[in-house]
Amino acid sequence: TKTSSSNFIKHIVAEDLASGNTKEVVTRFPPEPNGYLHIGHAKSICLNFELADEFKGRTNLRFDDTNPVKEDVEYVESIKRDVAWLGFEWDGLFFASDYFGEMYERALVLIRKGLAYVDDQTADQIRETRGTLTEPGKESPSRGRSAIENEDLFRRMKDGEFKDGEKVLRAKIDMASPNVNMRDPVIYRIVHAHHHNTGDQWCIYPMYAFAHPLEDAIEGVTHSICTLEFEDQRPFYDWVVRECEMPWVPRQYEFARLNMTNTVMSKRKLKLLVDEKAVDGWDDPRMPTISGLRRKGYTPEAIRAFCREIGVTKSYGIVDERMLEHFIREDLKLKALRTMAVISPLKVVITNYPEGQTEWLEAENNSENPEMGNRQIPFSREIYIEQDDFMENPPAKYFRLFPGNEVRLKHAYFIKCEEAIKDSDGNVIELRCTYDPETKSGSGFTGRKVKGTIHWVEASNAVPAEFRLYEPLINDDSEDDGNGSFLQHLNPNSLETLQGFVEPAMKEAPGGEKFQFFRHGYFNVDPKDTTPDKPVFNRIVSLKSSFDI
Ligand code: ATP
Ligand code: MG
Ligand code: MG
């Protein structure tokens, strides 16, 4: 695989190795287990793992589980599964919560140096006295507490003497700093909640901005890569490592997060979609989660190629979702079996074909990849075609079936439409056609030409199947007030379910197998809802798009 495309972080690592500043590169992917991973996380996963791989270093998978209220083992398990599925092997598997003991000790180091204090103010008071970009913050009345008093209060916080929110521990830095993040940020808070890993052992929890640099330092991370929102946190990151006297000094680097058109990229919103049952769980194929993309039919290869193509920069941008689609087409083009499926069936009776006879025709499995060989498909007097491959009164340049017109059936014969049968409401429910035995595919027939080729499935052997076609759940112009109002503006056509037929050979296709259906696009056998009697196919992507890379 191609991993050599360059990015600015790679240059930094290469220079650090060359200068001897870094002996071995160590990165980490640090998800908070409060939801399933999405395609944005894939960008960070690929960056961290491929960087370490390229320079023969190591990457840890570390769960940043410092917020007991939102975290769950279900999320931990799904994240491990998704990272492994993408094809990456982590070196260490760690939990931030494993370091709670050490983090507590490091907070005591700050307290003893006079660099942290217990504050009695409420969260609101702390927020209100933080100041603004142009105005300095106000010092807390608790700021002058002695180290001894602070140490005693912090211990009592840990021992459960106080209620949630009654006290916090704050770093003592500079309430007038031009960087608001340096105005005595909160580093510990009281939360009486059960933690998925440490149970009821703790009732104080470190804040992310304090915990993260310590986690990196404890693990010997060399290059701690995060998204641009954390750029203003870097001075505090360095302060924590230095003042807590960590023996290892990691460095933080920031890159622009992935944004994509018509795609929700926030775990909070994705969780709302799941909780409100707007989708069929985190792995609904309409979700931009890794598990949703997998169930839809994306491959790890396509996702990794996409991440390589979008690259790593420091500038904000929005990637066209059709770019991701481009890479799954590329990946499946030569791999997927090309077969025929009718998703909106219309019965056709071939009146001059002998009754009770079935012949088996040879069909190539992939016209662009002869190595995939051939298969046999049945043909007989009754077949299904698509409803919209027939029009009674066609417009100009309609080359498919209409009364009197002749088309080619892919892999079979020319047929000519003789008559359309209607129900009492005037709907066409069946076609009567004739075929010409001379025109068999592969026979070398050149007697006359037809302009249309359509697909079909033989009726008596056809396997009933369900087809699920997708559109974006949310469009970029959907209104959102930031409080979940986007749930009221979901695309009502995001899922279309159709009942049709596939070739008999596809009856036993296992969940996760991918096909290219002639003229319809790429489909994946749904691993959850497929039954032995009825396969369910999720459309991954249509065949063509106007999008160019
Ligand atoms: P969300 O806002 O969706 O909840 P998050 O950043 O809070 O995402 P984390 O679990 O903290 O989610 O993320 C783990 C890692 O993935 C972090 O290093 C984060 O920077 C990175 N990451 C998250 N979203 C994106 C994105 N859209 N593009 C690139 N990296 C991302
Ligand atoms: Mg986060
Ligand atoms: Mg988050």
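These are my notes from looking through a predicted model of one chain.

**Overall build**

I started with the whole chain. I counted 12 helices and 25 strands in it. Next I looked up the radius of gyration, which is 31 Å, where a compact globule of 549 residues would have one near 24 Å. The box around the C-alpha atoms, taken along the principal axes, comes to roughly 100 × 55 × 45 Å. I then checked burial: buried residues account for 39% of the 549 in the chain. For contacts I took residues at least 6 apart in sequence, and 71% of those contacts join residues at least 24 apart.

**The annotated positions**

Which residues carry the "binding site" annotation? The unreviewed UniProt entry puts it on Asp-64 and Tyr-208. I wanted to know why two such positions could belong together. They span 145 residues in sequence, but their C-alpha atoms are no more than 8.1 Å apart, so they gather at one spot.

I took Asp-64 first. I found Asp-64 in the loop that links β2 (58–63) with α3 (73–85). Buried or exposed? Asp-64 has 21 C-beta neighbours inside 10 Å, so I noted it as buried, given that the cut-off for buried is 20 or more. Leaving out residues up to four places away in sequence, I listed its contacts as Pro-30, Pro-31, Glu-32, Ala-96 and His-212.

Then Tyr-208. This residue sits in helix α7, which covers residues 208–218. Tyr-208 has 17 C-beta neighbours inside 10 Å, and so I put it down as partly exposed.

**The parallel sheet**

β2 sent me to its sheet. Here three strands make an open sheet, ordered β1-β2-β3, with parallel pairing. Each of the edge strands, β1 (26–29) and β3 (93–95), has a single partner strand, so one side of each has no neighbour in the sheet. I also looked up the twist: ignoring direction, neighbouring strands of this sheet are turned by 35° against each other on average. Between β2 and β3 I found three bridges in the parallel sense. One pair I wrote down is Leu-61 with its bridge partner Leu-93 in β3.

**Around β5**

I moved on to strand β5, residues 168–171. Val-168 and Arg-170 point one way, while Leu-169 and Ala-171 point the other. I checked both sets, and all of these residues are buried.

Which strands pair with β5? On one count, strand β4 (residues 116–119) runs antiparallel to β5 and is joined to it by four bridges. Tyr-117 has Arg-170 of β5 as its bridge partner. I also found strand β6 (residues 186–190) paired with β5, again in the antiparallel sense, over three bridges. In that pairing Val-168 stands opposite Arg-189 of β6.

**Ligand 1**

Last, I looked at what lies around ligand 1. I count 14 residues surrounding it, and the closest are Pro-31, Gly-40, Ser-44, Arg-257 and Lys-267. I noticed that Pro-31 is also among the residues that Asp-64 touches. Which elements give two or more residues to the shell? I found α2 (39–54) and β8 (223–227). The largest share of the shell is from α2, with four residues.

Conventions: Residues numbered from 1 in each chain as written. Chains lettered and ligands numbered in written order. Predicted model: local features only at pLDDT ≥ 70, side-chain atom pairs only at ≥ 80, totals over all residues. Rg over C-alpha atoms; globule rule 2.2 N^0.38 Å. Buried ≥ 20, exposed ≤ 12 C-beta atoms within 10 Å, placed from the backbone. Contact = placed C-beta atoms within 7 Å. UniProt positions renumbered as here; feature names shortened; annotations may be inferred. Pairing = 2+ DSSP bridges. Axes fitted to C-alpha atoms, helices over the stretch in contact; angles between N-to-C directions. Near = placed C-beta within 6 Å.
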